[in-house]
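Work through the exercises below with the sequence and the coordinates at hand. Each task is followed by a worked solution.

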Amino acid sequence: LGKSTYAIVCEIMFKIQLKILTVSDVETITKKDNSGTLQVRWLVGIVNDKKIAFKVWNDLTNHPKLIVDEVIEIEFRAESREYNGKYLTDLTLTKIN
């Protein structure tokens, strides 16, 4: 891999319950190919006494259960990739039950 490339190393799905601590404002970003925009926000919650941050994309950014102090069950994807010799991991929310 070249210096400015990345490769997906692993992708795993999980289901957990968490208590929401913070929900960021929705940000609108332009797709790299300028074919449209995406909506993203961050959700921080408590799981087993640990703070964990999740990315929330598009339709889920305005889900009615995204309320501080709400306890919700979510499904999320853990995805790691290599970038410039370092490994980065995102936890992306895929479903709110």
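The exercises cover the nonpolar core, the salt bridges and the aromatic pairs.

The model is predicted, with local features needing pLDDT of at least 70, side-chain atom pairs counting only at pLDDT 80 or more, and totals for chains, interfaces and linings using all residues. Residues are numbered from 1 along each chain as its sequence is written, and side-chain values use heavy atoms, with hydrogens and water left out.

**Exercise 1. The core**

Find the largest nonpolar core and state which elements give two or more residues to it.

Step 1. A nonpolar core is a set of buried Ala, Val, Leu, Ile, Met, Phe, Trp, Tyr and Cys residues joined through side-chain atoms within 4.5 Å. Buried means under 20% relative accessible area, exposed over 50%, and partly exposed in between (1.4 Å probe, protein chains only).

Step 2. The largest such core holds 13 residues. Those with the most contacts inside it are Leu 18, Leu 43, Leu 66, Ile 72, Ile 74, Leu 93 and Ile 96.

Step 3. Two or more residues each come from strands E1 (6–23), E3 (37–47), E4 (50–57), E5 (71–83) and E6 (86–96). Strands (E, at least two residues) and helices (H or I, at least four) are DSSP runs, numbered from the N terminus. E5 supplies the largest share, 3 residues.

Step 4. Take Leu 66 as a sample: not counting residues up to four places away in sequence, Leu 66 touches Ile 20, Val 23, Arg 41, Leu 43, Val 56, Leu 60, Thr 61, Ile 72 and Ile 96. Contact here means heavy atoms within 4.5 Å.

**Exercise 2. Salt bridges**

How many salt bridges does the whole structure hold, and is Lys 55 buried or exposed?

Step 1. The criterion is a side-chain nitrogen of Lys or Arg within 4 Å of a carboxyl oxygen of Asp or Glu. The search finds 4 salt bridges.

Step 2. Glu 73 pairs with Lys 15, with the closest N and O atoms 3.9 Å apart. This pair links strand E5 to strand E1 across 58 residues. Glu 73 is partly exposed because its relative accessibility is 29%; Lys 15, at 53%, counts as exposed.

Step 3. Asp 90 pairs with Lys 55 at 3.4 Å between the closest N and O atoms. Asp 90 lies in strand E6 and Lys 55 in strand E4, so the pair ties together parts 35 residues apart in sequence. Both Asp 90 and Lys 55 are buried.

Step 4. Glu 79 and Arg 77 form a salt bridge with a closest N and O separation of 3.6 Å. Glu 79 is buried at 14%, and Arg 77 is partly exposed at 22%. Lys 55, Arg 81 and Asp 90 are joined into one network by salt bridges that share partners.

**Exercise 3. Aromatic pairs**

Which residues do the ring pairs link into a cluster?

Step 1. Rings of Phe, Tyr and Trp (its six-membered ring) pair if their centres lie within 6.5 Å; planes under 30 degrees apart count as stacked, over 60 as edge-to-face and the rest as tilted. The structure has 2 aromatic pairs.

Step 2. Phe 14 and Phe 76 are stacked, 5.2 Å centre to centre with 20° between the planes. Phe 14 is in strand E1 and Phe 76 in strand E5, 62 residues apart. Phe 14 is partly exposed at 38%, whereas Phe 76 is buried at 7%.

Step 3. Phe 54 and Phe 76 are edge-to-face, 4.9 Å centre to centre with 70° between the planes. Phe 54 counts as buried because its relative accessibility is 0%.

Step 4. The cluster is therefore Phe 14, Phe 54 and Phe 76, linked by ring pairs.
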